[in-house]
Amino acid sequence: MKRISILFGLELYALLLAFLQSLGGVRTDEAKYLMDIPYPHPPAIRWFLSLFDAWTMQEIVVRVVFASLMVHAVWLVWDMSKQNKALGMLWLVSGGVLLQAGTVMIAPITALQVLVLLWMGSKKSPLPLIGIWWLFSLFSAYQAVLFLPIVLLLVWQRRKSIADVVLYCAIPFGLLCLYTVTNPLIPASMVIHSGRDLGSSVSDRFIATLRLWAIGGSIVLSVLGTFGMIRAKAFGLIGSFLFVCGYIALSRYDYYAVLFLPLLIGGVIASPSCMKLTRMSTVVLAIVGFIFVGDFTSMLASSSAREAKPFLSAIAEDQMLLISGSFGHQWQYESPVSVRRYREDLVVTAGAVVCLDSCEGFDFSELVKIEDSSVEMWIRE
Amino acid sequence: MYFKSYIALLAIVVVLLVPRAWDLRLLYIDADVRSKVEVLLREESERNGWVLSDLSIVSLTTTTARLCYREHRRGEDPISCFDIEL
């Protein structure tokens, strides 16, 4: 009965997190995964999600599923920590779960995959099973590569054979490289993204990484987990931790904070003295975690694409939506018709034009301006 | 059983990817083809107002590129493929 009550309570928590994330509408990266737009991540998860993209409720169903997976991962934490309830609570109220569970992003799924990997290691799962899971993780998101040190150590500690390291670590990685070669726009997109924030100083990057490390474990777990992995000399965790730090210092996307989370949990479990401290720190961490939620409320503002959706539904099926200015994939997700970049010669076939940049001087004589829209929008009557 | 499943999975991925990599080999071994394809993609995307991520290169020869335009939207995605001289 107690177990059922906990299950029910966790699911309610997951529903709440999914609901909060849904308030802001679909974001550009989320739209990519929901519609299987192939850049930059490999296809394992986005392909599966796109099978259901005709469903009206697709977005909220996926949010609930992702949030439930993140929240119910606490059972793995409890299992690994020999039923240390406090550590499970640290997982549930950490910034990583609070801010990312319920988003349709691959970063929390990667974090979850790493947690499963750690759990498989603790259960001495057969190496081929670990290999299958590692291959699945790599083909879900490129950032899974950051956790290669964990897999490497799991294989090496078990067999101490170079052939097994090649079979279970190098070959899956090689296949990911092969996949990348077959999708040339992926390396091109990586080169474009690598130019982001090139002007940032080393200290800016350090502070940004420190901020995400603090958010990922809501400070308390961040400190305990990092201390724990160093104290226990858990080289797999330490190696991956350094990779994640380096990756975040270069990319600086907030949603990567969650990548720290399984490593921090692993660090606490690896060091028994840190495990004892978790009992005292849960309340402090919960407070810190919910303070981060204050930051999160700014993300809840509805996207302009979601606000424009009621007007877009009036467009005839054979017409298209033209957008002037840089736009995200959320427009493709919300629009019932084809979306193209604005070109003067395409206006005759357009059912609507959205001006994210100024449309001053454009000839919209056949279109009517929508006055009560949050973005400048013209519709064919 | 796990070992056989793992090897089978690796083999499936190889069988799926190698033919496609072979079709695109010129992109990586011929700098001239690579630069022409890059220009071509940008021109096609610009001319039609297409989002670049909706375009994919299917195969290449030294004279022709086969591109596919997949319009990502809710439900079935319309796909059209065409050959273009480099």
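Asp32(B) and Lys36(B) both belong to helix α3 of chain B, where they stand four residues apart, about one turn of the helix; helices here are DSSP runs of H or I with at least four residues, strands are runs of E with at least two, and both are numbered from the N terminus. The side chains of Asp32(B) and Lys36(B) meet in a salt bridge with an N to O distance of 3.4 Å, a salt bridge being a side-chain nitrogen of Lys or Arg within 4 Å of a carboxyl oxygen of Asp or Glu. Asp32(B) is partly exposed, with a relative accessible area of 44%, and Lys36(B) counts as partly exposed at 35%, where buried means under 20% relative accessible area, exposed over 50%, and partly exposed in between, with a 1.4 Å probe and protein chains only.

The model is a predicted one, in which local features need pLDDT of at least 70 and side-chain atom pairs count only at pLDDT 80 or more, whereas totals for chains, interfaces and linings use all residues. Residues are numbered from 1 along each chain as its sequence is written, chains are lettered from A and ligands numbered from 1 in the order in which they are written, and side-chain values use heavy atoms, with hydrogens and water left out.

Helix α3 leads on to the sheet of chain B. This is an open sheet of three strands in the order β1-β2-β3 (chain B), with antiparallel pairing, and two strands are taken to pair if DSSP finds at least two bridges between them. Its edge strands are β1 (55–60) and β3 (79–85) of chain B, each of which pairs on one side only. Neighbouring strands of this sheet are turned by 25 degrees against each other on average, direction ignored. Helix α3 (residues 31–48) of chain B packs on the sheet and touches β1, β2 and β3 of chain B, while its direction makes about 145 degrees with that of β1(B); contact means heavy atoms within 4.5 Å, and the axes are lines fitted to C-alpha atoms, for helices over the stretch in contact, with angles running from 0 to 180 degrees between N-to-C directions.

Strand β2 (residues 64–70) of chain B pairs with β3(B) in the antiparallel sense over seven bridges, and Leu67(B) stands opposite Phe82(B) in β3(B). A salt bridge of 3.3 Å, N to O, is formed by the side chains of Asp83(B) and Arg66(B). This pair links distant parts of the chain, with Asp83(B) in strand β3 and Arg66(B) in strand β2 of chain B, 17 residues apart. Arg66(B) is partly exposed, with a relative accessible area of 30%.

From strand β2 of chain B there is also a link to chain A. Asp36(A) forms a salt bridge with Arg70(B), the closest N and O atoms being 3.9 Å apart, and the pair crosses between chains, from the loop between α2 (28–34) and α3 (44–50) of chain A to strand β2 of chain B. Asp36(A) counts as buried at 7% relative accessibility, whereas Arg70(B) counts as partly exposed at 26%.

Arg70(B) is also one of the residues touched by Asp54(B), whose contacts include Gln332(A), Tyr69(B) and His72(B), not counting residues up to four places away in sequence. Asp54(B) lies in the loop between α3 and β1 of chain B. Asp54(B) is buried yet has no salt bridge, and the nearest side chain of opposite charge, Arg340(A), is 7.2 Å away; in this assignment Lys and Arg count as positive and Asp and Glu as negative, while His and the chain ends are not counted. A polar contact of 2.7 Å does join the side chains of Asp54(B) and His72(B), a polar contact being a pair of N or O atoms within 3.5 Å, of which, within protein, one must be able to donate a hydrogen and the other to accept it, with residues adjacent in sequence counted only if both atoms are side-chain atoms.

Chain A has a sheet to consider as well. This open sheet of five strands has the order β2-β1-β3-β5-β4 (chain A), with mixed pairing, and its edge strands are β2 and β4 (367–370) of chain A. Within this sheet, β3(A) and strand β5 (residues 376–380) of chain A pair in the antiparallel sense over four bridges, and Ala352(A) stands opposite Ile379(A) in β5(A). Helix α18 (residues 304–312) of chain A packs on the sheet, touching β1 (320–324), β4 and β5 of chain A, and its direction makes about 15 degrees with that of β5(A).
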